[in-house]
Structures are given as structure tokens and as C-alpha cells.
Amino acid sequence: MHNTHSAAKSKERLIQANKTTAVGAIINIFLSMIKIVAGILGHSQAMIADGIHSLSDLGTDIVVIVGMFIASRPKDESHNYGHGKYETLSALIIAILLSIVGLGIGYSGVTSAMGIFQGRLIIKPHIVTLLSALISIIVKESLFRYTIKKGKKINSSAVIANAYHHRSDAFSSLGAAAGISGAILMGDKWVILDPVACVIVSFFIIKEALHIGKNSINELLEVSLPVEIQNEILNIAASVPEVQQPHNLKTRRIGNISAVDMHILLDSEISIEHGHSIAHKVEEAIKEELGDDMIFSIHIEPNH
């Protein structure tokens with residue numbers, strides 16, 4: 001019964017993740033086409049770079065779909081704790097792709113700015129590029145809010161990472177809009193603001209990539225749950241009748257699941273069956289407070 005419930009929950013989680021990602025993918029296709037065409041026709045390198053950034057989101061959408069599909073598979077002989085780490089790996093891949101995009105956009109901006117200083121002629125951007133950037137800011141920030149809400153609801157690190165990729169695109173468009181508007185409104189001498197905007201945008205993108213990457217690496221390296229959560233686990237366990245001195249707590253994340261391993265002391269005179277029942281009550285008490293996406297290994301020790 002429990003396995004059937006878990007399988008149904010995992011399937012529903014995959015469906016929700018794919019729906020959310022598909023919405024983002026469709027929007028990214030249209031938005032990237034609009035921005036790249038506007039950048040080419042409107043003579044804005046910042047807009048072209050922003051469009052390429054939106055196009056790169058399609059790659060991360062594919063990573064999320066594939067990663068979530070594998071992560072949703074049930075545990076087997078080679079993965080006794082399930083396949084949740086594939087979801088974390090997906091988030092790390094997104095961070096790497098995001099870093100590459102950020103570095104590429106930054107390099108493009110620096111080389112263009114150096115070209116201007118060397119006397120290379122840069123055409124002033126057209127107003128259509130500014131309108132495209134403003135539309136992108138609104139659309140991508142809305143997409144970020146939609147995706148982050150869904151990602152948190154299904155507790156998916158990959159979907160949440162993809163949401164921040166959407167927000168980095170909004171930042172990208174914000175930087176492009178600032179540079180383009182400066183280049184348009186302040187005259188030919190300030191056309192350098194367009195490539196400078198590329199460099200500023202790259203910093204925002206790389207910052208988001210580092211944030212996502214750090215969280216993913218911590219999870220892959222099995223960093224423990226936050227101290228406050230560990231303390232809460234111990235306090236909940238200690239509150240269960242007959243449980244004495246919960247200790248030797250070990251925790252880690254496996255995709256959207258938390259693994260908890262700890263020892264508890266029980267009266268040495270009680271039966272094995274009664275001890276097992278108490279350990280089960282500890283599990284249920286912790287799940288009631290912290291959510292049921294947890295797996296437990298509770299070792300019983302006799303208190304003489």
C-alpha cells in the first residue's frame with residue numbers, strides 16, 4: 001500500500017514538473033526568436049546576447065525533463081535509496097550551462113567595448129530592441145514566479161534551479177534594457193553602454209549559477225540538513241513517550257527526500273515488538289511535523 005502511494009505521488013510529481021517545464025520551454029522559444037530578431041534588426045549586441053540566453057533556457061528545460069524522469073523511477077537493486085540524486089545532478093548541470101552562458105555573454109561584451117575604444121564603429125540600437133527587452137523582463141519574471149511556486153510545491157531542486165534560470169534571463173533583459181536605453185537616449189558617445197550592459201548581465205547570470213551549483217554540490221556531497229532541522233528532529237524524537245536520549249543523528253538529502261539515521265535509548269525490559277512500535281511512533285511524529293518525504297533508520301539501544 002505504501003509503495004503504491006509513493007509510486008502515485010512520484011508520478012504526479014513528474015507530471016507537474018513536466019507541465020511547468022513545458023510552459024517555460026514554449027515561452028522561451030518565442031521569446032528568444034523575438035529578442036534575437038529584434039537585436040539583429042535593431043543593431044543591439046546586448047539584445048542578441050539576451051536572446052541567446054533565452055535560447056539556452058531550452059537546454060536546461062530538457063535537462064529538467066530528463067533528470068526528473070530518471071529521478072522518479074522507484075528504488076531498485078543498484079539504487080536502494082531511489083534515483084533522487086539524478087534530480088540534484090540535473091540542477092548542477094543547469095548551473096554549469098548557466099555559467100558557460102554567463103561567461104560567453106561577458107566575453108562578448110568585453111570584446112565589443114574594447115573594439116569601441118579602438119575606434120570600431122558601433123551602430124546605435126533601435127527603439128524596438130528596448131521594447132523587446134521590457135517585454136522580456138515582464139514575461140520572464142512572471143515565468144520565474146510561476147516556476148518557483150510549482151518547484152517549491154513539489155519540492156524539486158531541478159525545477160527550482162530552472163526557475164532561477166528564468167530569473168537570470170529577466171536580469172539579463174533588465175541589463176540589456178538599461179544599456180540600450182542609455183545608448184539610444186544619450187547619443188552616439190554612449191553607445192558603449194550596450195556592450196557594458198552585456199558584462200553587467202553576465203555577472204548576474206554567473207551569480208545565479210554559483211548559487212545553484214553550490215546547493216547542488218552540497219547535496220551530492222551529502223552535506224547534513226541545517227542544524228535547526230536536526231535539532232527539531234531530536235526534540236520531536238525525545239518528546240515521544242518512552243524514548244530516552246535520541247543521539248548519533250545523521251542526515252542527508254536524496255533529491256526531494258531527506259534521509260534520517262539516529263539512535264534512541266529504550267528501557268531494556270521492553271519487548272522487541274514494543275520497541276519496534278516506539279521507533280515507528282518516532283518516525284510518524286517527525287513526518288507529521290516536517291513532512292512525509294523522509295526515510296528513516298532508527299537504531300534501538302537498551303538503557304540499563
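Start by selecting Y86: at 31% relative accessibility, this residue counts as partly exposed. Keep in mind as you click around that this is a predicted model. Y86 sits in helix α3, and this tyrosine belongs to a nonpolar surface patch.

**Stop 1: the nonpolar patch**

Add L89, I93, I96, L97, I100 and L220 to your selection, and together with Y86 you have a nonpolar surface patch of about 540 Å². Which helix gives the largest share of the nonpolar patch? That's α3, with six residues. The cut-off for joining a patch is over 30% relative accessible area, so Y86, at 31%, qualifies on that count.

**Stop 2: zoom out**

Switch to cartoon view and get your bearings. You should find eight helices and three strands. Walking along the sequence, the order is α-α-α-α-α-α-α-β-β-α-β. Colour by accessibility and you'll see that buried residues account for 45% of the 304 residues in the protein.

**Stop 3: the core**

Now go inside. Nonpolar side chains tend to be buried together in soluble globular proteins. Here, the largest nonpolar core has 21 residues. Select V64, M68, I105 and I212, which have the most contacts inside this core. To see where the core comes from, colour α1 (2-41), α2 (45-71), α3 (85-117), α5 (157-185) and α6 (193-220): these are the elements that give two or more residues to it. The largest share, six residues, is from α3. So α3 is worth a colour of its own: this helix gives the largest share of the nonpolar core and also the largest share of the nonpolar surface patch.

**Stop 4: the salt bridges**

There are two salt bridges to find in this structure. Side chains of opposite charge can pair when their charged atoms come close. Show E141 and R145 as sticks: their side chains meet in a salt bridge, 3.2 Å from N to O. Why are these two about one helical turn apart? Because they are four residues apart in helix α4 (residues 127-153). R145 counts as exposed, at 54% relative accessibility.

Next add R167, which forms a salt bridge with E141; the closest N and O atoms are 2.5 Å apart. R167 lies in helix α5 and E141 in helix α4, so this pair ties together parts that are 26 residues apart in sequence. Keep E141, R145 and R167 on screen at once, and you have one network, joined by salt bridges that share partners.

**Stop 5: the loops on either side of α4**

Select H126, in the loop between α3 and α4. Is this histidine buried or partly exposed? With a relative accessible area of 44%, H126 is partly exposed. Try the distance tool here: the C-alpha atoms of H126 and I40 are separated by 10.0 Å, though the two residues are 86 residues apart along the chain.

Then hop to N155, in the loop between α4 and α5. Look at the backbone here: N155 has a positive phi of about 55 degrees, although it is not a glycine. This asparagine is partly exposed, at 29% relative accessible area.

**Stop 6: an asparagine in a strand**

Which other asparagine should you check for a positive phi? Go to N248, where phi is about 50 degrees, again in a residue that is not a glycine. This time you're in strand β1 (residues 244-254). N248 is partly exposed, with a relative accessible area of 37%.

**Stop 7: K207 on α6**

Go back to the helices and pick K207, in helix α6. At 58% relative accessibility, K207 counts as exposed. Draw a distance from its C-alpha to that of S168: the two atoms are separated by 9.0 Å, with these positions 39 residues apart along the chain in sequence numbering.

**Stop 8: the negative patch**

Finish with E232, E284, E288 and E289, which form a negative surface patch. Which helix supplies the largest share of this patch? Helix α8 (residues 272-290), with three residues. One residue in that helix is E289. At 52% relative accessibility, E289 counts as exposed, since the cut-off for that label is over 50%. For contrast, flip back to Y86, which counts as partly exposed at 31%.

Definitions and conventions: Residues are numbered from 1 along each chain as its sequence is written. This is a predicted model: local features need pLDDT of at least 70, side-chain atom pairs count only at pLDDT 80 or more; totals for chains, interfaces and linings use all residues. Side-chain values use heavy atoms; hydrogens and water are left out. Patches are made of residues with over 30% relative accessible area and no salt bridge: like charges are joined within 9 Å, nonpolar side chains (Val, Leu, Ile, Met, Phe, Trp, Tyr) within 5 Å. Accessible areas come from the Shrake-Rupley method with a 1.4 Å probe; for residues, only the protein chains shown count as cover. A salt bridge is a side-chain nitrogen of Lys or Arg within 4 Å of a carboxyl oxygen of Asp or Glu. Lys and Arg count as positive and Asp and Glu as negative; His and the chain ends are not counted. The place of a charge is taken as NZ of Lys, CZ of Arg, CG of Asp or CD of Glu. Buried means under 20% relative accessible area, exposed over 50%, partly exposed in between (1.4 Å probe, protein chains only). A nonpolar core is a set of buried Ala, Val, Leu, Ile, Met, Phe, Trp, Tyr and Cys residues joined through side-chain atoms within 4.5 Å.
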